[in-house]
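Visitor: I am new to this structure, and I would like to understand how its descriptions are reached. Could you take me through the reasoning step by step?

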Amino acid sequence: MQDHLFTCPQCRKALERTTGDNIPPDVMAFRCPDGHGYFFPAGELKKFKEKNFKERLEFIDWWVEYMKKHTDKEWSEQQKLLIDSQHS
């Protein structure tokens, strides 16, 4: 799939292939150089959503197992550290 075939529907400029912390490397995504948005070729957004959903479920499963194996005091301290780290 050639990147230059995609243009922004608003300004018609060529879209640029993009990556990011929230876009898995195996998902193809493009962005408008003028900031009109992010665009996914057919099927890529679905792949992105499915992968994101699977990763979230895996994290929930991991956290449930952690909570089962550790005392309330241990896991609540870990949770506090995580929450506090998001506010600093």
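Guide: Let us start with Phe-59, which in this predicted model lies in helix H1, spanning residues 44–69.

Visitor: Why is Phe-59 called partly exposed?

Guide: Its relative accessible area is 48%, and since buried means under 20% and exposed means over 50%, Phe-59 falls in between and is therefore called partly exposed.

Visitor: What makes Trp-62 and Tyr-66 an aromatic pair that is stacked?

Guide: The structure holds six aromatic pairs, and in the one formed by Trp-62 and Tyr-66 the ring centres are 5.5 Å apart, with 25° between the planes. Because centres must lie within 6.5 Å to pair and planes under 30 degrees apart count as stacked, both values meet their cut-offs, and the pair is called stacked. Trp-62 and Tyr-66 both lie in helix H1, four residues apart, which is about one turn of the helix, and ring pairs link them with Phe-59 and Trp-63 into a cluster.

Visitor: How do you know that Tyr-66 is buried?

Guide: Tyr-66 has a relative accessible area of 16%, and because buried means under 20%, Tyr-66 counts as buried. Its stacking partner Trp-62, with a relative accessible area of 48%, is partly exposed.

Visitor: Why does Thr-18 count as buried?

Guide: Thr-18, found in strand E1 (residues 16–18), has a relative accessibility of 10%, and because the cut-off is under 20%, Thr-18 counts as buried. Leaving aside residues up to four places away in sequence, Thr-18 touches Ile-23, Ala-29, Phe-30, Arg-31 and Tyr-38.

Notes:
Residues are numbered from 1 along each chain as its sequence is written. This is a predicted model: local features need pLDDT of at least 70, side-chain atom pairs count only at pLDDT 80 or more; totals for chains, interfaces and linings use all residues. Side-chain values use heavy atoms; hydrogens and water are left out. Helices (H or I, at least four residues) and strands (E, at least two) are DSSP runs, numbered from the N terminus. Buried means under 20% relative accessible area, exposed over 50%, partly exposed in between (1.4 Å probe, protein chains only). Rings of Phe, Tyr and Trp (its six-membered ring) pair if their centres lie within 6.5 Å; planes under 30 degrees apart count as stacked, over 60 as edge-to-face and the rest as tilted. Contact means heavy atoms within 4.5 Å.
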